[in-house]
Amino acid sequence: MFAQPDRAGFLPLAQLPSLVAGLMALGYQCRGPAVENGAIVMRELATPDSLPRGLQAEQAPGHYRLTQDTHNRYFAWANGPQAIKPQTFAPQESLWRVERDATGNLQFAAVLPAAPAQAIIGVRACDLAALALQDAHFLREGRRDPHYAQRREQLFLVAVQCAEPAATCFCASTGDGPTPTIGYDIALAELAEGFVAVAGSAKGNAVLKDLNLSPATPQQIEAARQQGEASAAVQTRSLPAHLSPAGGNLRDALMSRLEHPRWDEVATRCLACGNCTAVCPTCFCHAEVDEPALNGQSSEHARQWDSCFGETHGHLHGFNVRPDIRSRYRQWLTHKLATWHEQFGRSGCVGCGRCIAWCPVGIDLTEEAAALTAGGQP
């Protein structure tokens, strides 16, 4: 974010609604933080000045509670249960439809989504890293997903630096935060008097140019940089050093421990509820179902989010390859931290900590990874 400080502008606090208004004037449906059912979620903003202030989220294993920020900041919360994923990979949608015409023949037609231009305000660095992984899956050459692509092309991303990481965050250990570095249109670092603002795309540069911002001072840029370093330093959780950006990865360590007794131990606690996969910003498992009309004249072929923790997810012809919670948890963790390296050249974990906070029994991915990879071969 601060690689080119000469291009950083300064957006006073009072001018933040002007940024939202400018995006709305360009035709973007603006989405930002809102409180719903006791959590911070991303919802459409009714007006340019409807971004909330003074929110924080206290997070721990199996625990999420909203609290008050004494400094009344806009973005002092670490993250909520939602990332960018629902805006690109819809939880449920029709892929194609079949109808019987007047002659009784079946007519098939693709169903593409209505994809309004959306600006998401408050995106975190970990979620930008997750979006890059989703892009690698859904937009890969020869297998481009038209539904995902149509929504993805309409996004405008306003990222913010995480100044107050949750106790469950560990993005510093995966190299994915807390300061945004790539993948955004505009990045903001919130200081007491306003925001250091940097454009990351031509679209973002045009929006900032229209705001006619004063250049950020060296002191403001340095304050934002130090804020990011401090945010990384206070993170107490981490993945084992095998996964550090300067080191290797956990693939060999985990795949050589497929019969480790820890898999049995964690299975006694895991409910196989799928919460971790639902809140994970990189999970992309889905099921496809047919939904016939009652009159027999048409049918919808739909895609919906699925989880490798579900019993039906492991069904093959005549048997289930993952018949118990032990094998399902092992599949999730080894895919996320090990075999993703073969698919995408990196781990599937971006350190957001959502799976820890939203697990009903408080299973901690970093604790499990450390236990499984500690010491020599079991």
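Start by selecting R326 and D264: in this predicted model, the two form a salt bridge with their closest N and O atoms 3.2 Å apart. The pair links distant parts of the chain, with R326 in helix α11 (residues 325-344) and D264 in helix α9, 62 residues apart. Color by accessibility and the two ends look unlike each other: R326 is buried at a relative accessible area of 16%, while D264 comes out as partly exposed at 41%.

Stay on α9 and show R262 and E265. Their side chains meet in another salt bridge, 3.7 Å from N to O. Both residues sit in helix α9 (residues 262-267), 3 residues apart, which is about one turn of the helix. E265 is partly exposed, with 32% relative accessibility.

Next stop: R237 and D364. Here the closest N and O atoms of the salt bridge are 2.6 Å apart. R237 lies in the loop between α7 (218-233) and α8 (251-255), and D364 in the loop between α12 (354-357) and α13 (365-373), so this pair ties together parts that are 127 residues apart in sequence. Buried or exposed, this D364? The cut-off for buried is under 20% relative accessible area, so D364, at 5%, counts as buried. R237 is buried too, at 19%. If you want to keep hunting for such pairs, the structure holds 24 salt bridges.

Now jump towards the N terminus and pick helix α1 (residues 16-25). Which of its residues are buried? Select L16, L19, V20 and L23. Look down the helix axis and you'll see the buried residues fall within an arc of 95°, so they line one face of α1. Step just past the end of α1 to G27, and check its backbone: phi is positive there, at about 95°.

Last, go to L45, in the loop between β3 (39-44) and β4 (55-60). It's a loop residue, but L45 counts as buried, at 7% relative accessibility. What is L45 in contact with, leaving aside its neighbours within four places in sequence? Show V20, M24, C30, R31, G32, S50, L51 and I121. You've already met V20, one of the buried residues of α1. While you're here, draw a C-alpha to C-alpha distance from L45 to I120: the two are 75 residues apart in sequence and 9.9 Å apart in space.

Terms used: Residues numbered from 1 in each chain as written. Predicted model: local features only at pLDDT ≥ 70, side-chain atom pairs only at ≥ 80, totals over all residues. Heavy atoms only, no water. Helix = DSSP H or I, 4+ residues; strand = E, 2+ residues; numbered from the N terminus. Buried < 20%, exposed > 50% of the residue type's maximum accessible area, 1.4 Å probe, protein only. Contact = heavy atoms within 4.5 Å. Arc of directions from axis to C-beta. Salt bridge = Lys/Arg side-chain N within 4 Å of Asp/Glu carboxyl O.
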